[in-house]
Amino acid sequence: MVAAAALPWGGGSPAWVDVPERSKSAFMELKRRKVHRYVIFKIDDRREEVVVEKTGAPGESYDDFTASLPADDCRYAVYDLDFVSDDNCRKSKIFFISWSPSDSRIRAKTIYAVSRNQFRHELDGVHFEIQATDPDDVDLEVLRGRATRT
């Protein structure tokens, strides 16, 4: 379990956001075994834990990934970006994306913002982090630009 600051659950009392093994395992499958192209996580309010909402198969496109992000609710996601570097080498970089669209509820934005760092630190091996509020923030060229600057 990961300790979080006082969240808007349970009348403002301190809460715990659990990161179950199955959520950590989905990330490790993306990182080590390349079983997933992406993993989208959501916070389950009832169980107060971060759960896997969706995984994308290795052959899925970036458009499939962005279409899976809700227009009116927050999510966390990891995306494994494959690209060819300037020196013509095939590379892969993992992005952690904190998705908080403008149309999402204030309560959801607060919960995700407060829990982000604790959850992010459970995912060892992320190369870049992006905080996004609209589709332009997660445009494929934004990720490519970040990845190729290293």
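Start at I111: with a relative accessibility of 2%, I111 counts as buried. Buried here means under 20% relative accessible area, exposed means over 50%, and partly exposed covers what is in between (1.4 Å probe, protein chains only). I111 sits in helix α3. Select C74 as well: the C-alpha atoms of I111 and C74 are separated by 9.2 Å, with their positions 37 residues apart along the chain.

Before moving on, some ground rules. This is a predicted model, in which local features need pLDDT of at least 70, side-chain atom pairs count only at pLDDT 80 or more, and totals for chains, interfaces and linings use all residues. Residues are numbered from 1 along each chain as its sequence is written, and side-chain values use heavy atoms, with hydrogens and water left out.

**Whole chain**

Zoom out and colour by secondary structure. The protein has 4 helices and 7 strands. Helices (H or I, at least four residues) and strands (E, at least two) are DSSP runs, numbered from the N terminus. From the N terminus on, the order is β-β-α-β-β-α-β-β-α-β-α.

Switch to a surface. The accessible surface comes to about 7900 Å², and 46% of that belongs to carbon and sulfur atoms. These areas come from the Shrake-Rupley method with a 1.4 Å probe; for residues, only the protein chains shown count as cover. Of the 150 residues, 43% are buried. Now the contacts, meaning heavy atoms within 4.5 Å. Among contacts with a separation of 6 or more, 58% are between residues 24 or more positions apart.

**Strand β6 and its partners**

Select residues 90–99, strand β6. How many of the residues of β6 are buried? The count is 7 of 10, so β6 is mostly covered.

Add strand β5, residues 75–84. β5 and β6 pair in the antiparallel sense over 10 bridges. Two strands pair if DSSP finds at least two bridges between them. Pick L81: its bridge partner in β6 is K93. The hairpin of β5 and β6 has 5 residues between the strands. There, N88 takes a positive phi near 65 degrees.

Add strand β7, residues 128–132. β6 and β7 run parallel and are joined by 5 bridges. Pick F96: its bridge partner in β7 is E129.

**The aromatic cluster**

Keep F96 and show side chains. F96 is buried, at 0% relative accessibility. Now select F119, also buried, at 2%. The ring centres of F96 and F119 lie 6.1 Å apart and the planes meet at 55 degrees, so the pair is tilted. Rings of Phe, Tyr and Trp (its six-membered ring) pair if their centres lie within 6.5 Å; planes under 30 degrees apart count as stacked, over 60 as edge-to-face and the rest as tilted. This pair links distant parts of the chain: F96 is in β6, F119 is in helix α3 (residues 106–120), and they are 23 residues apart.

Extend the selection to F41, Y76 and Y112. Together with F96 and F119, these residues form one aromatic cluster. The structure holds 11 aromatic pairs.

**H36 and R37**

Go to the loop between α1 and β3, where H36 lies. At 10% relative accessibility, H36 counts as buried. Its side chain makes a polar contact with the side chain of E29, at 2.8 Å. A polar contact is a pair of N or O atoms within 3.5 Å; within protein, one must be able to donate a hydrogen and the other to accept it, and residues adjacent in sequence count only if both atoms are side-chain atoms. Show A57 too: the C-alpha atoms of H36 and A57 are 4.8 Å apart, though the residues are 21 apart along the chain. Not counting residues up to four places away in sequence, H36 touches A26, E29, L30, T55, G56 and P58.

Step to R37, in that loop between α1 (21–33) and β3 (38–44). Is R37 buried or exposed? Buried, at 14% relative accessibility. The R37 side chain reaches the backbone oxygen of D80 at 2.7 Å. Leaving aside neighbours within four places in sequence, the contacts of R37 include E60, V78, Y79 and D82.

**Helix α4**

Finish at residues 140–148, helix α4. Which residues of α4 are buried? L140, L143 and A147. Look down the axis: the buried residues fall within an arc of 65 degrees, so they line one face of the helix. The arc is that of the directions from the helix axis to the C-beta atoms. An α-helix has 3.6 residues a turn, so residues three or four places apart point the same way. Cover for the buried residues of α4 includes α2 (62–67), β5, β6 and β7. Last stop, the start of α4: a side-chain oxygen of D139 reaches to within 3.0 Å of the backbone nitrogen of E141.
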